Amino acid sequence: MDLESLVAIDVHTHAEVSSKGHSSLDDDLHDASSAYFKVEGKRKPTLEETAAYYRERNMAAVIFTVDAESATGTPPVPNEEVAEAAAANADVLIPFASIDPFRGKAGVKQARRLVEEYGVKGFKFHPSIQGFFPNDRSVAYDLYEVIEETGTIALFHTGQTGIGAGVPGGGGIRLKYSNPLHVDDVAADFPHLKIILAHPSFPWQDEALAVATHKPGVHIDLSGWSPKYFPPQLVQYANTLLKDKVLFGSDFPVLTPDRWLADFGKLTIKDEVRPKILKENAARLLGLTKP
């Protein structure tokens, strides 16, 4: 990966469909999320299409599936397939994985194998869809131990989710699991774990800012929202106390980097902070730069 030539690093993109055409969301949740986000362009790009999309824009992208099979009954896009596609497109794709925390010891074993054999750089958790509290010691702590030990990253969805929005009962998805204060316990119990709180964490934005300022290993990505809707305190902290810990993320394909960057360009961000958010902070966290 030619870091110098990259315009930006998008730390939050989704592998929506496998090579066999299988999606990790059922049709009702998929269609509702497309309506919620007012998706522009292809909703289910293949991994190769995603790589080509980012290559055209001279950007790199962290890419992952979401494994919530225990809660939804729908298997994820295989982590191995995501990692293999990233290896084949190593100039633009950075592989993360996702493991349903209810897989227990088998999931822990899989996590270690994905790091050691496939070069996975991090793991995505979606507490609301997966149906667990991040600080439940009986569910995911063994996974966190492997992630901390291997120096990889734990990325947690936080705040409201567009998945299930508009579906009766929200599709059974509960928002309570994604309060970032639950991740504060994880950061305290695993002090060397690298953590990303994904999204402006509505309705818990202040909680996310508090956790990120208090815990050195906690970062915030700005995905899933157009920057024009960012709450003012998030912009203030991004410009000041958290200028080295805030990361560009789009949530592609539901929100494109084109749209995100166009709106980010209109945001009141200091000139010296802008490159940190777009690339430098992510490059450092992902280990792409020399210490």
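Strand 1 (residues 8-14) and strand 2 (residues 59-64) pair in the parallel sense over five bridges, where pairing requires that DSSP finds at least two bridges between two strands. Helices (H or I, at least four residues) and strands (E, at least two) are DSSP runs, numbered from the N terminus. This is a predicted model, in which local features need pLDDT of at least 70 and side-chain atom pairs count only at pLDDT 80 or more, while totals for chains, interfaces and linings use all residues. Residues are numbered from 1 along each chain as its sequence is written, and side-chain values use heavy atoms, with hydrogens and water left out.

**Strand 2 and its neighbours**

- Across the pairing with strand 1, I9 stands opposite A60 of strand 2.
- Strand 2 is also joined to strand 3 (residues 93-95) by three bridges, and these two strands run parallel.
- Here V62 stands opposite I94 of strand 3.
- Six of the six residues of strand 2 are buried, so this strand is largely enclosed by the rest of the structure; buried means under 20% relative accessible area, exposed over 50% and partly exposed in between, with a 1.4 Å probe and protein chains only.
- M59, A61 and I63 point one way from strand 2, while A60, V62 and F64 point the other way.

**The five-stranded sheet**

- Strands 4, 5, 6, 7 and 8 form an open sheet in the order 4-5-6-7-8, with parallel pairing.
- Its edge strands are strand 4 and strand 8 (246-247), each of which pairs on one side only.
- Strand 4 (residues 122-125) is covered on both faces, with G122 and K124 buried on one side and F123 and F125 buried on the other.
- Four bridges connect strand 4 with strand 5 (residues 153-157), and the two run parallel.
- The bridge partner of F123 in strand 5 is A154.
- Strand 6 (residues 194-198) pairs with strand 7 (residues 218-221) in the parallel sense over four bridges.
- In that pair, L197 stands opposite I220 of strand 7.

**Helices 7, 8 and 9**

- Helix 7 (residues 141-150) has Y141, L143, Y144, V146 and I147 buried.
- These buried residues pack against helix 5 (104-118), strand 4, strand 5 and helix 8 (181-189), contact meaning heavy atoms within 4.5 Å.
- Just after helix 7, G151 takes a positive phi of about 70°.
- In helix 8, the buried residues are H182, V183, D184, V186 and A187.
- The packing partners of the buried residues of helix 8 are helix 7, strand 5, strand 6, helix 9 and strand 7.
- Helix 9 (residues 205-214) lies across strand 6 and strand 7, and runs at about 140° to strand 7.

**Helices 11 and 12**

- Helix 11 (residues 257-264) packs with helix 12 (residues 274-285) at an angle of about 150°, and their axes are 12 Å apart.
- Axes are lines fitted to C-alpha atoms, for helices over the stretch in contact, and angles run from 0 to 180 degrees between N-to-C directions.
- Helix 11 and helix 12 are therefore roughly antiparallel to each other; angles over 145 degrees count as roughly antiparallel, under 35 as roughly parallel, 65 to 115 as roughly perpendicular and the rest as oblique.
- W260, L261 and F264 of helix 11 make the contact with R274, I277 and L278 of helix 12.
- By class, this contact has five nonpolar, no polar and one charged residues; Ala, Val, Leu, Ile, Met, Phe, Trp, Tyr, Cys and Pro count as nonpolar, Asp, Glu, Lys and Arg as charged, and the others, Gly among them, as polar.
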